[in-house]
Amino acid sequence: MAAPETRAALDRAGARLLHQPNLGGAGGFTRGLDAACTGPGDTTHHLLMDDDIALDPRMVRRLVEALSYARPDRALGGAMLETERPRVLHEAGARLQRGWGVASFGTGRALGQQETLALFDRVAKADYNGWWFCAVPMTAVRRAGLPLPLFIRGDDIEYGCRLGAVGVASVTLPGCAVWHDAFAGKARPWLTYYDYRNLLVNAALHPQVAPPPAPLEVLGALFARLLCHQYGMAAAVRQAVSDYLAGPGQIDRITLTERHSQLSARFSREDGQPLAPGTPAPPPGSARDRPQAIGRVVALFLRRFIQISAGAGRGDPANASYSLHQITPAAVGPGPYVRRADPEGRRCLILSPHRARLWWGALAALALWLHYLLRHRAAARRWRDGAGALADREAWARRFAGAGAGPQSEGRSDGA
């Protein structure tokens, strides 16, 4: 419940405080959109913001001024800067690539560099706006409907694609940004579960935006984490693929609150062991992408699997460190390495190979991949047929009411 001083401040601002179970970021955002749909008819836009951003209030004024000139078929968003490195850009718009990888505009660029500022000379076409800061036209919300109950991770991507399908473009407003913690520091396997399950769901619903992951790419996602000693993340991806194949009916089989409690309990532990206090982190390693040719990819994976199974590098010290998004089998090698759990490397984890976990994970991945190979087309059809019912207003009303849920808590706008 809100503290008395918080409630008093809300009352002075004329704000409403809504209570509901923990439905994640998707549930918090949807509750706001649903309330806006039933609010005064003169509301033109609804502003979506994460609850863990640092906001310069001038950004709201800048947004309002821009909306007075913007066409009604535009969703205006702000860029995301990293809280840990306040002058480093994370994303100023993004496009979706084959396999539904996100190509963010300007990632890692310092704002003081001329080439970074050139990103804002013209507005690039984006497939979505991140909901750390995004104003959506209410006319578009009434046409597109409410978001899907994806809990967190990917709800803004799916909705941006849905807006695009009804003719509403996503535009990142130059000169408008908020600060948000870097995603590279959020590496719990339960987050990986939502990332991958929702990626598969979104790709099934919007194949016209970008080609969905091929079955071999799904197998690669499993093996890549195994070969990088991310055994918890590999298990989370297996669960994500399995739940995706189960179809949309599994979403409300239990409440979102209960499902999240189960997932966070099962996949709460980060991969790796903390680096001993006082031990300096190894220097940053070279972030190399996987080879693109399928033959080279298979050869790399087989060679690395054999190396780890033979015990290559197991007793060696870690000689390089990587951020979460730099970790690939081509970059880290068969031996131990260090993951920087924050951009500055103040907290680090050492990830080491484990032969038994690798073999067990590989057999489980192959079995699940065969299952996916046989059922992925049917699963995609079920998601396309059943997504509308999941986003239905009555279905959300039941979730808001907490039917079958435990004690209610305040709704959050960001489940991460």
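**Reading a chain through its helices**

Biologist: How many Å should helix α9 (residues 231-245) span, and how far apart are its end C-alpha atoms?

Modeller: Allow 1.5 Å a residue, and the 15 residues of α9 should span 21 Å. The end C-alpha atoms are 21 Å apart, which agrees. Bear in mind that this is a predicted model.

Biologist: Is α9 largely enclosed or open to the outside?

Modeller: Count residues under the cut-off of 20% relative accessible area. In α9, 13 of the 15 residues are buried, so the rest of the structure largely encloses this helix. Right after α9 comes Gly-247, with a positive phi of about 90°.

Biologist: Where is confidence highest in the chain, and where is it lowest?

Modeller: Look at pLDDT, which runs from 0 to 100. The chain averages 89, and 94% of the residues score at least 70. The top is α9, at a mean of 98, while strand β13 (residues 409-410) is at the bottom, with 36. Over residues 404-416 the pLDDT is below 50, though in the model that stretch has 44 contacts beyond near neighbours in sequence.

Biologist: Next, helix packing. At what angle do helix α7 (residues 189-205) and helix α13 (residues 355-390) pack?

Modeller: Angles of 65 to 115 degrees count as roughly perpendicular. Here the angle is about 70°, and the axes are 9 Å apart. α7 and α13 are therefore roughly perpendicular to each other.

Biologist: Which residues of α7 and α13 meet?

Modeller: From α7 you get Leu-200, Val-201, Ala-204 and Leu-205; from α13, Tyr-372, Ala-380, Trp-383, Arg-384 and Ala-387. By type, the residues of this contact split into 8 nonpolar, no polar and 1 charged. As for the helix pattern, there are 3.6 residues a turn, so residues three or four places apart point the same way.

Biologist: What does Asn-202 touch?

Modeller: Asn-202 sits in helix α7. Leaving out residues up to four places away in sequence, Asn-202 touches Trp-100, Leu-150, Gly-154, Ile-157 and Glu-158. With a relative accessible area of 2%, Asn-202 is buried.

Biologist: And α6 (155-165): how many of its residues are buried?

Modeller: 9 of its 11, which leaves α6 mostly covered. The buried residues of α6 include Ile-157 and Glu-158, along with Asp-155, Tyr-159 and Leu-163. Just after α6, Gly-167 has a positive phi of about 90°.

Biologist: Which value does phi take in Phe-151, and which in Arg-153?

Modeller: As a rule, most residues other than glycine have a negative phi. Phe-151 has a positive one, near 70°. Arg-153 also has a positive phi, near 65°. Phe-151 lies in the loop between α5 (138-144) and α6, and Arg-153 is in the loop between α5 and α6 too. On accessibility, Phe-151 counts as buried at 2%, and Arg-153 is buried at 18%.

Biologist: One more loop. Is Glu-344 buried or partly exposed?

Modeller: Anything between 20% and 50% is partly exposed. Glu-344 comes out at 37%, so partly exposed. Its place is the loop between β11 (337-340) and β12 (348-351). Setting aside residues up to four places away in sequence, Glu-344 touches Glu-84 and Arg-85. Ser-323 is 21 residues from Glu-344 along the chain, and their C-alpha atoms are separated by 9.6 Å.

How values were computed. Residues are numbered from 1 along each chain as its sequence is written. This is a predicted model: local features need pLDDT of at least 70, side-chain atom pairs count only at pLDDT 80 or more; totals for chains, interfaces and linings use all residues. Side-chain values use heavy atoms; hydrogens and water are left out. Helices (H or I, at least four residues) and strands (E, at least two) are DSSP runs, numbered from the N terminus. The expected span of a helix is 1.5 Å times one less than its number of residues. Buried means under 20% relative accessible area, exposed over 50%, partly exposed in between (1.4 Å probe, protein chains only). pLDDT is the predictor's confidence in each residue, from 0 to 100. Contact means heavy atoms within 4.5 Å. Axes are lines fitted to C-alpha atoms, for helices over the stretch in contact, and angles run from 0 to 180 degrees between N-to-C directions. Angles under 35 degrees count as roughly parallel, over 145 as roughly antiparallel, 65 to 115 as roughly perpendicular and the rest as oblique. Ala, Val, Leu, Ile, Met, Phe, Trp, Tyr, Cys and Pro count as nonpolar, Asp, Glu, Lys and Arg as charged, and the others, Gly among them, as polar.
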